[in-house]
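Subject: Structure handover

Hello,

Here is the structure I promised to pass on. Please open it alongside this message and follow along.

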Amino acid sequence: MSKRIRKCRAVLGVLGRLGFHASPSDVVAELAKYGIEVSAGMVQKVKIEAAKDTSGLRRRMACAGVHPKPRVVRKIPAGRSRRK
């Protein structure tokens, strides 16, 4: 695998698949299958930080397993103007 993956991102991805309630030892075992070595303490720390996140974005990403959609900026067609 040529791309490097951040360990915390990998932990959040596994938590998304297994569920946020998964034990740290389950997450460590799942990541070991992919050759990523993390400790149970790190998994616990990532879970706590995701739960503390004030916007809730990281936890929602971990629980849903998908990335949030970016905001769409709508453009006004050339023929129309807001000013009258």
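Below is what I found, going from the overall layout to single residues.

**Overall layout**

First, a caution: this is a predicted model. The protein has four helices and zero strands. Read from the N terminus, the order of elements is α-α-α-α. The chain has 84 residues, and 27% of them count as buried. I also looked at contacts with a sequence separation of 6 or more. Of these, 48% join residues that lie 24 or more positions apart.

**Helix α3**

Start with α3, which covers residues 40-52. Its length checks out. Thirteen residues at 1.5 Å each should span 18 Å, and the end C-alpha atoms are indeed 18 Å apart.

Which residues of α3 are buried? They are Val43, Val46, Lys47 and Ala50. Seen down the axis, the buried residues of α3 fall within an arc of 100°, so they line one face of the helix. Lys45 and Lys52 sit on the other side of α3, and they are exposed. Note the lysines here: Lys47 is buried, whereas Lys45 and Lys52 are exposed.

**How α1 meets α3**

Helix α1 spans residues 7-18. It packs against α3 at an angle of about 75°, and the two axes are 10 Å apart. That angle makes α1 roughly perpendicular to α3. From α1, the contact uses Lys7, Cys8, Val11, Leu12 and Leu15. From α3, it uses Met42, Val43, Val46, Lys47 and Ala50. By type, the residues of this contact are eight nonpolar, no polar and two charged. Val43, Val46, Lys47 and Ala50 thus appear twice: they are buried in α3, and they take part in the contact with α1.

**Helix α2**

Helix α2 runs over residues 24-33. Its buried residues include Pro24, Val27, Glu30 and Leu31. They cover an arc of only 125° around the axis, which puts them on the same side of α2. What lies over them? The cover on the buried residues of α2 includes α1 and α3. After α2 comes Gly35, with a positive phi near 80°.

**Two residues to look at: Val28 and Ala40**

Val28 belongs to α2. Is Val28 buried or partly exposed? Its relative accessibility is 23%, so Val28 counts as partly exposed; the cut-off for buried is under 20%. Leaving out residues up to four places away in sequence, Val28 touches Val38, Ser39, Ala40 and Val43. Take Val38 from that list. Val28 and Val38 are ten residues apart along the chain, and their C-alpha atoms are separated by 6.1 Å.

Ala40 is in α3. With a relative accessibility of 40%, Ala40 also counts as partly exposed. Which residues does Ala40 touch, not counting those up to four places away in sequence? The answer is Pro24 and Val28. Ala40 and Pro24 are 16 residues apart in sequence, yet 5.1 Å apart in space, C-alpha to C-alpha. Pro24 is also among the buried residues of α2.

**Where to begin**

If you are short of time, start with the contact of α1 with α3. Then turn to Val28 and its contacts with Ala40 and Val43, among others.

Best wishes

Note on methods:
Residues numbered from 1 in each chain as written. Predicted model: local features only at pLDDT ≥ 70, side-chain atom pairs only at ≥ 80, totals over all residues. Heavy atoms only, no water. Expected span 1.5 Å × (residues − 1). Buried < 20%, exposed > 50% of the residue type's maximum accessible area, 1.4 Å probe, protein only. Arc of directions from axis to C-beta. Axes fitted to C-alpha atoms, helices over the stretch in contact; angles between N-to-C directions. Parallel < 35°, antiparallel > 145°, perpendicular 65-115°, else oblique. Contact = heavy atoms within 4.5 Å. Nonpolar A, V, L, I, M, F, W, Y, C, P; charged D, E, K, R; others polar.
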